[in-house]
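Student: Got a minute to walk through this one with me? I have the sequence and the model open.
Tutor: Sure, put it up.

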Amino acid sequence: MVDLSVRIGDVTLANPVMPASGTFSYEVGNIIDINRLGAMVAKTISREPRWGNPTPRMAETEAGIIQSIGLPGKGVRYFLDHMIPEYKKYTPPLVASISAATAEDFAAMARDVSVPEVDVIEVNISCPTRDPSGGNFALHTEHTRNVVSGIRAATDKPVWAKLSPNAGDLVGIAVGAEQGGADALVISNTFLSLKIDTDTFRPSLGNKLGGLVSPALKPIVLRMVYQCAKEVSIPIIGLGGVTKAEDVVEYMLAGASAVGVGYAAFRNPSALTAIIDDLEKWCERKGIARLSDLIGAMIDEPPADTMDAAARPL
Ligand SMILES: Cc1cc2nc3c(=O)[nH]c(=O)nc-3n(C[C@H](O)[C@H](O)[C@H](O)COP(=O)(O)O)c2cc1C
């Protein structure tokens, strides 16, 4: 029997596979056994109801989709009163994801969702298309540290900071989030992108710019996780392009303690449970009794000296 459990700070997950915010809700309980997931990550909520961005909100590309949903939702009150009871029909830890336009609102939202039924607060400080005038704190180290420390002061719940791959210095921002008091980092949100309709000459998305999600991005996010894991001591949840058990293994070897899955579940709604099954089989095949032993276990020797290698006899 393989031990698939992992710890994210004080929170123990039965296995490291959880859905990505915005790609999951309790409604998929009709299709998969939600109780098998490592955690339940809810769609990002804002204080007030939001309509979201103009349509079309999704467009296909050669390698994945770009989307600009704009965080539509019924607001925090609806989440507390109507959605939490639905989530609590299931057993995995519940991760509430919050968004706001100012650091003060973020702290107030964190206070609002700090109810007993919520196990973790994920702070979406990185939505690339939410609103050009605010919300994407994770492009700047100082803003990140500031917003996270305000949230830290407002709640006793574990705080996971979701970072942006669009930041220039992601490692600096990861350190800023840790200094602000985050208990874990989620790396990462989507890559800001553009698609143009060559018949109309207009952007394919109503909001013009969107976030690209694609398995092709996995090596890039994996590199980001690897680099951040070297500099922070809090756990990291790797998020980007996971479609199979080996992707989970790769993220863990790079230093992640768990992974999120979004896109893969659009292609196959039972992808998450299939990945969990395959992960267990992979461990059995490899004789790995405890999955968490893989965290940061990539053999990480300095690159070979090319001159040295060239001088070696064939
Ligand atoms: C349709 C859609 C909606 C999303 N909504 C949210 C959201 O509400 N909050 C959030 O933090 N991320 C959101 N994301 C980003 C995902 O959580 C995740 O970061 C991204 O899809 C990368 O993971 P993947 O490659 O496994 O899809 C959304 C992504 C998609 C495709």
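**Ligand, sheets and core**

Student: Which residues are closest to the ligand?
Tutor: Ala20, Gly22, Thr44, Gly262 and Tyr263 are the closest, out of 23 residues that surround the ligand. Keep in mind that this is a predicted model.

Student: How does that shell split by class?
Tutor: It has 12 polar, 9 nonpolar and 2 charged residues.

Student: On to the sheets. What is the strand order in the one with 8 strands?
Tutor: The order is E3-E14-E13-E10-E9-E8-E7-E4. The sheet is open, and its pairing is parallel.

Student: Which strands sit at the edges?
Tutor: Strand E3 (17-19) and strand E4 (40-41). Each of them pairs on one side only. Helix H8 (residues 271-286) packs on this sheet and touches E3 and strand E14 (258-261). The direction of H8 makes about 175° with that of E3.

Student: And the E4 end? How many bridges hold E4 to E7?
Tutor: 2 bridges, in the parallel sense, with E7 covering residues 94-98. Met40 stands opposite Leu94 there.

Student: What about the pairing of E7 with E8?
Tutor: That pair is also parallel, over 4 bridges, and E8 spans residues 120-124. Ile98 has Val123 of E8 as its bridge partner.

Student: How many residues of E7 are buried?
Tutor: 5 of its 5. Leu94, Ala96 and Ile98 point one way, while Val95 and Ser97 point the other way. In a regular strand, side chains alternate between the two faces of the sheet.

Student: Next, the core. Which residues have the most contacts inside the largest nonpolar one?
Tutor: Ala161, Leu163, Leu185 and Val225. That core has 91 residues. Helix H5 (residues 218-231) gives the most to this core, with 7 residues.

Student: Take Leu185. What is it in contact with, sequence neighbours aside?
Tutor: Leaving out neighbours within four places in sequence, Leu185 is in contact with Ala161, Leu163, Ala174, Ala177, Cys228, Val232, Ile234 and Ile236.

Student: Ala174 and Ala177 are in H4, right next on my list. Which residues of H4 are buried?
Tutor: Leu170, Ile173, Ala174, Gly176, Ala177, Glu178 and Gly180. The helix runs over residues 170-180.

Student: What covers them?
Tutor: The cover includes helix H3 (141-154), strand E9 (159-162), strand E10 (184-187) and H5. Just after H4, Gly181 takes a positive phi of about 110°.

Student: Switching to the other sheet. What is the order of its 4 strands?
Tutor: E5-E6-E12-E11, an open sheet with antiparallel pairing. Its edge strands are E5 (58-61) and E11 (191-194). Neighbouring strands are turned by 40° against each other on average, direction ignored.

Student: How many bridges join E11 to E12?
Tutor: 4, and the two strands run antiparallel, with E12 at residues 209-213. Ser193 stands opposite Gly210 in E12.

Student: Where does Gln67 sit?
Tutor: In strand E6 (residues 64-67).

Student: Why does Gln67 count as buried?
Tutor: Because it has 23 other C-beta atoms within 10 Å, and the cut-off for buried is 20 or more. Beyond neighbours within four places in sequence, Gln67 is in contact with Arg57, Met58, Gly210, Gly211 and Val213. Gln67 and Asn207 are 140 residues apart in sequence, yet 9.1 Å apart in space, C-alpha to C-alpha.

Student: Backbone oddities now. Where are the cis peptide bonds you'd flag?
Tutor: One runs from Thr55 to Pro56, with omega near -5°. Pro56 lies in the loop between E4 and E5. Another joins Ile187 and Ser188, with omega about 15°. Ser188 lies in the loop between E10 and E11.

Student: What is phi for Leu71?
Tutor: Near 50°, a positive value in a residue other than glycine. Leu71 lies in the loop between E6 and helix H1 (76-87). Leu71 is buried, with 22 other C-beta atoms within 10 Å.

Student: And Phe201: buried or exposed?
Tutor: Exposed, because Phe201 has 7 C-beta neighbours inside 10 Å, and 12 or fewer counts as exposed. Phe201 has a positive phi too, about 65°. Its place is in the loop between E11 and E12.

Key. Residues numbered from 1 in each chain as written. Predicted model: local features only at pLDDT ≥ 70, side-chain atom pairs only at ≥ 80, totals over all residues. Pairing = 2+ DSSP bridges. Contact = placed C-beta atoms within 7 Å. Axes fitted to C-alpha atoms, helices over the stretch in contact; angles between N-to-C directions. Near = placed C-beta within 6 Å. Nonpolar A, V, L, I, M, F, W, Y, C, P; charged D, E, K, R; others polar. Core = buried A, V, L, I, M, F, W, Y, C linked by C-beta atoms within 7 Å.
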